[in-house]
Amino acid sequence: MTTAILSALPEEQASLIARLERAQRLTHAGRSFWKGELCGRPVLLALSGIGKVAAATTATALVEHFGVARIVFTGVAGGLAEGVNVGDVVVAQAFLQHDMDASPLFPRWEVPGYARTRFDCDARLATLLQDAAGNCLSGAGRLPELGDGAHRVHHGLVASGDRFVSSAPEAQQLSQALQEAGHPVLAVEMEGAAVAQVCLDYSIPFAAIRTISDRADDTAHADFAHFVQTVASRYAEHMVQALMRTL
Ligand code: ADE
């Protein structure tokens, strides 16, 4: 039962590759995949690529070509909801595509052919990720770069779209429109909903954890770059290892 660990960024993947036992690099669909073991469990490491299409292709390859049993995604996201701050962690309960709009043929945000707006994550895997994140924020994985403030683990809805959200008005508008339609979104990123949809197609359990790198506002690009360099990779490493020990 191989677990695929999808990373959004090379910086996050590098620390996992460094820890991989019996590492073997494979190429498929123009991508590199790393097969091996983490904490004695079989894993396949992959980069999602950026955006929904790249992530969907990677997820499809993981299932169709490599036959993985489950997919776990680690990455960063912009905080949208109030109180979801840089350094916090969001464990996804479900994903939606904030740039899906086939109205008036279908309700706004509904994915045609699926009769749904939200794609749920696997509850058991999500609980394991919440525990791993809690451990990381409170204990061994805590990073001095994040200061002394208390960082929180959130659990809820995450929105994906082919856009880096980087202005306060856009973030506010997105958050408000979704909230008014009954979709209180915690964070925004660019891949998770696509992977969730592929996993639903193949009946594969999927879960995702996103560390908040920015507030999707006017300073998002600078905050993002700094965060990726200083924090993202070590967070991902701690959380994935904690998860693998409990799987
Ligand atoms: N990933 C991290 N921050 C993001 C943002 N502000 N918008 C989209 N994806 C992100």
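Which strand is Phe73 found in? Strand E5, residues 70-79. Before I go on, remember that this is a predicted model.

Let's stay with Phe73. Its relative accessibility is 0%, so Phe73 counts as buried. What does Phe73 touch, once we leave aside its neighbours within four places in sequence? Start at the low numbers: Leu6, Ala8 and Ser48 are in contact with Phe73. Then come Glu191 and Val195. Then there is a run of contacts: Phe206, Ala207, Ala208, Ile209 and Arg210. Strand E10 covers 206-214. One distance for reference. Phe73 and Glu37 are 36 residues apart in sequence. From C-alpha to C-alpha, the two are 17 Å apart in space.

E5 brings us to the largest pocket. Its volume is about 260 Å³. The lining has 17 residues. Which of them lie nearest the centre? Val76, Phe164, Glu189, Met190 and Phe224. Now the strands. E5, E9 (185-189) and E10 each supply at least two residues of that lining. Which element gives the most? E5 does, with three residues.

Next, a charged residue. Glu110 sits in the loop between strand E6 (89-97) and strand E7 (119-120). Is Glu110 buried or exposed? Buried, and without a salt bridge. The nearest side chain of opposite charge belongs to Arg116, 9.1 Å away. The cut-off for a salt bridge is 4 Å, so a 9.1 Å separation does not qualify. Still, Arg116 is on the contact list of Glu110. With neighbours within four places in sequence set aside, the others on that list are Met100, Ala115 and Thr117.

Last topic: cysteines. How many disulfides does a search of the whole structure find? Zero. Why is Cys136 not bonded? The closest cysteine sulfur is in Cys39, and at 14 Å it is too far from the sulfur of Cys136 for a bond. Cys136 counts as buried because its relative accessibility is 3%. Cys199 is in no disulfide either. For Cys199, the nearest cysteine sulfur is that of Cys121, 8.9 Å away. The cut-off is 2.5 Å, so that pair does not count. Cys199 has 2% relative accessibility, so Cys199 is buried too.

To recap. Phe73 is buried, in strand E5. E5 gives the most to the lining of the largest pocket. Glu110 is buried with no salt bridge. And the search for disulfides came back with zero.

Terms used
Residues are numbered from 1 along each chain as its sequence is written. This is a predicted model: local features need pLDDT of at least 70, side-chain atom pairs count only at pLDDT 80 or more; totals for chains, interfaces and linings use all residues. Side-chain values use heavy atoms; hydrogens and water are left out. Helices (H or I, at least four residues) and strands (E, at least two) are DSSP runs, numbered from the N terminus. Buried means under 20% relative accessible area, exposed over 50%, partly exposed in between (1.4 Å probe, protein chains only). Lys and Arg count as positive and Asp and Glu as negative; His and the chain ends are not counted. Contact means heavy atoms within 4.5 Å. On a 1 Å grid over the protein atoms alone, a cavity is a set of points where a 1.4 Å probe fits but cannot get out, and a pocket is an open set with protein on both sides within 12 Å along at least five of seven lines; lining residues have an atom within 4 Å of a point. Grid points are joined across faces, edges and corners, and a volume is the space filled by probe spheres set on the points.
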